[in-house]
Structures are given as structure tokens and as C-alpha cells.
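Biologist: I'd like to go through this one term by term with you. Each time you use a label, please show me how it is earned.

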Amino acid sequence: MRDVFTIITERVLRDCGGEPICAHVGDVQECTIKNHPTYQVLRENVQLGRSKSVASLRLWESVDALARESGQEEREKWLMILLDLLTPCFGGWSNELARKWHYEVTDIRSAMVESTLDAWFSTAGSTPAKKLLDTIMKRAFTGARGLVEAGSSETCATSAEYLITDIAHEQGSPLRASSIINASTVRDPDADERIRGERTGALLQRMGAMDHAKILHDRIRSGCRDDADAPSITPAQVGRSWVDGKNLYYRISDLLPQYIGFTEAANVVGLSQSQASRMAGKGSLPFRVHWTGNSRVVSVKSLMNILGIHDSIVHPDDVENGASHVGGE
């Protein structure tokens, strides 16, 4: 029987393929670092044991942030990567326990993965990377040690594989907006939707940002956007999709950069760079940090969520109508 470590590695290699992967901000095109290795090369270079390097710890912190900030499908991908980066460390421990206690190594490794997932979900997202890593290592070893000392085998690699999938979808993502409205609180959801879109367009016009918005609108209307990137829409919005022949809705965050600098993010929440750096060391920052080399960036969607800014879904027609009203057209 294949053990869970093998299952995790095979799945990550399959999902990542042989293409370059960005474990800093998740998108090779958005990252300021231009040269990215394949996942297999990256995995070989990351050391998270006792001799872990600063670069490895920073990459660990960025992968953790990607797993916590992403939607459900992307969260599963980054959580699997986070687990896979740990398996070289866990491999030696599991083999040692199996030899000492004459126990099945596949069960020990399944217990380690289960304890790791439990530790990750129960630890606050603001926990410093080194502390989080130490906590996970301790919980994984304790879970495996408890299994062998109990003398009973209750887990297996196959069940652990399903556990990974289930737990990756356990928490709903606050960044995935499913609708711009709560249809139960308004008399006419369609009218409410149009008003929201027009207000957005009016604001963009006053800010001088409508030219940027229209570039996005043209790209969406021309079909250049991947359907997988289109937001989910409510039954009230389906009618307009039927008229257009496709889903033209988009999220407000699509108009914004994916990441901003650490200092700029700190200023957004009312902190100086030095204050934010001290808080990052203590694990008390309200947002998570991604490392790109020696630079730090922060997810704009994460900041929106922290500040209570709803990532509304709007239609290009409504946004342009609102801009036209303000512009006097």
C-alpha cells in the first residue's frame, strides 16, 4: 500500500506539472521575481528541519499565507504543497518510530498528516512562521508517538488521502463572493444590483479610473477571460447572462492589483513600517505576509476582508452607466 506521503507528493507533482511555480504570491506573472523553478526543483531546495534556512522559512510563510487566503480550490493546492514540503522531515521520524516500536510506517505517517492538518486549522493565521512550523512539527510527532504507544492501528494511508480533501474544504473562504446582494432583504434584487454597479462606476469616474475599468470590460466582453475566473451569480442575474450569451459579471477586486507592498499595506491599516515589522515578529499583524526574495507583499483581497470592504460583483453595463451619469453623458 502506498503511504500518504507518496500520495501527497504524487498529487502535488501532478497538479503542478513541469511548469514554473511561484510559491511567493501564487502567480508567476504577478511576482517581482522573474525566474521560478519547477515544483520538483523547489521541493529539493527547501529545508525545514533543524538546519532550515531563512529563505526556506520565508517560503514556508508565503505558502502558509497562500493556503489561508485562497478560495477553496486553490487552498487545497497550497495546503497540499505545505504538507509535501514537510514530508522529508517527517520521513526520518516515521521510519525511526516504525523500527523502534515495530509498527506499520504507513499508519504512523497517516497519523502525522492528520495531526499536521489539525494543528494548521487550529492555529491562528497570524502566528509567526517559525512558531507555526515548530507547533506543527511537535503535534505531528506527538500524534505519531501516541499512536505507536497505544499499540492499536486505527488509521491508514487511503483514509488520510480523503481526509486531506475533506479538510481542505472545511472552511468557507471570506474572499469568495457569491453575490453582491442578499435577495431576502430587498424588494427588487435586480434594481439593487444595478444601483450598486452604477455607484461603483460613479466612484471610478470621480477617481479617474474608468479608463482602466473599460480595459477590463473590453477583455471580458471579448471572451478573453477564463470562464473559471467568472464569479458565481444569483438566479436574479442569470437573465442578464442569457441576454448577453455569457457571464460578464466581475468582482471589484479584479480592478485592483493582486498585491501591494508591505509598507503601503501597513499604512492602509494605520501602522508605520516599523510598527508593522515589530507586530509581524510577534505574530499580531492583522494581515499575512508573502515573501518575494527579500521583499514583503500583502494580498489586496486580504486587506479588503480585514477592512470590511465587500468584494461586490458588478456588471460592466451598470458600471459604465454610473460613470456616464457622473461624466454628464
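Modeller: Happily! Let's begin with helix 3, whose buried residues are Ser56, Leu57, Leu59, Trp60, Ser62, Val63, Asp64, Ala65, Leu66, Ala67, Arg68 and Glu69. This is a predicted model, in which local features need pLDDT of at least 70 and side-chain atom pairs count only at pLDDT 80 or more, while totals for chains, interfaces and linings use all residues. Residues are numbered from 1 along each chain as its sequence is written, and side-chain values use heavy atoms, with hydrogens and water left out.

Biologist: What makes helix 3 "mostly covered"?

Modeller: Of its 16 residues, 12 are buried. Buried means under 20% relative accessible area, exposed means over 50%, and partly exposed lies in between (1.4 Å probe, protein chains only). Helix 5 is mostly covered too, with 14 of its 18 residues buried. Across the protein, buried residues make up 46% of the 329 residues.

Biologist: And what makes a stretch a helix in the first place?

Modeller: Helices are DSSP runs of H or I with at least four residues, strands are runs of E with at least two, and both are numbered from the N terminus. By that count the protein has 14 helices and 5 strands.

Biologist: How do you know that the reach of helix 5 is close to what is expected?

Modeller: The expected span is 1.5 Å times one less than the number of residues. Helix 5 (residues 105-122) has 18 residues and an expected span of 26 Å, and its first and last C-alpha atoms are 26 Å apart. Helix 3 (residues 54-69) reaches 23 Å, close to the 22 Å expected for its 16 residues.

Biologist: Why is His102 called exposed?

Modeller: The relative accessible area of His102 is 73%, which is over the cut-off, so the label fits. His102 sits in the loop between helix 4 and helix 5.

Biologist: What is worth noting about the phi of His102?

Modeller: Phi of His102 is near 50°, which is positive in a residue other than glycine. Most residues other than glycine have a negative phi.

Biologist: Why is Glu74 partly exposed rather than buried?

Modeller: Its relative accessible area is 38%, so Glu74 falls between the two cut-offs. Glu74 belongs to helix 4 (residues 72-101), and its C-alpha lies 9.4 Å from that of Gly26, 48 residues apart in sequence.

Biologist: Why does Ala230 count as buried?

Modeller: Ala230 has 18% relative accessibility, under the limit, so buried is the right word. Ala230 is in the loop between helix 9 and helix 10 (235-244). Ser222 is found in the loop between helix 9 and helix 10 as well, but at 48% relative accessibility Ser222 counts as partly exposed.

Biologist: What does Ala230 touch?

Modeller: Leaving aside residues up to four places away in sequence, Ala230 touches Arg225 and Asn247. A contact means heavy atoms within 4.5 Å. Among contacts in the protein between residues at least 6 apart in sequence, 73% join residues at least 24 apart.

Biologist: Which residues lie nearest the centre of the second largest pocket?

Modeller: Leu203, Ile252, Leu256, Met304 and Ile309 do, out of 24 lining residues. On a 1 Å grid over the protein atoms alone, a pocket is an open set of points where a 1.4 Å probe fits, with protein on both sides within 12 Å along at least five of seven lines, whereas a cavity is a set from which the probe cannot get out; lining residues have an atom within 4 Å of a point.

Biologist: Which helix gives the largest share of that lining?

Modeller: Helix 8 does, with 8 residues. By class the lining has 16 nonpolar, 4 polar and 4 charged residues. Ala, Val, Leu, Ile, Met, Phe, Trp, Tyr, Cys and Pro count as nonpolar, Asp, Glu, Lys and Arg as charged, and the others, Gly among them, as polar.

Biologist: Where does Leu256 sit, and what does Leu256 touch?

Modeller: Leu256 is in the loop between strand 1 (250-251) and strand 2 (259-261). Beyond residues up to four places away in sequence, Leu256 touches Val300 and Met304. At 38% relative accessibility, Leu256 counts as partly exposed.
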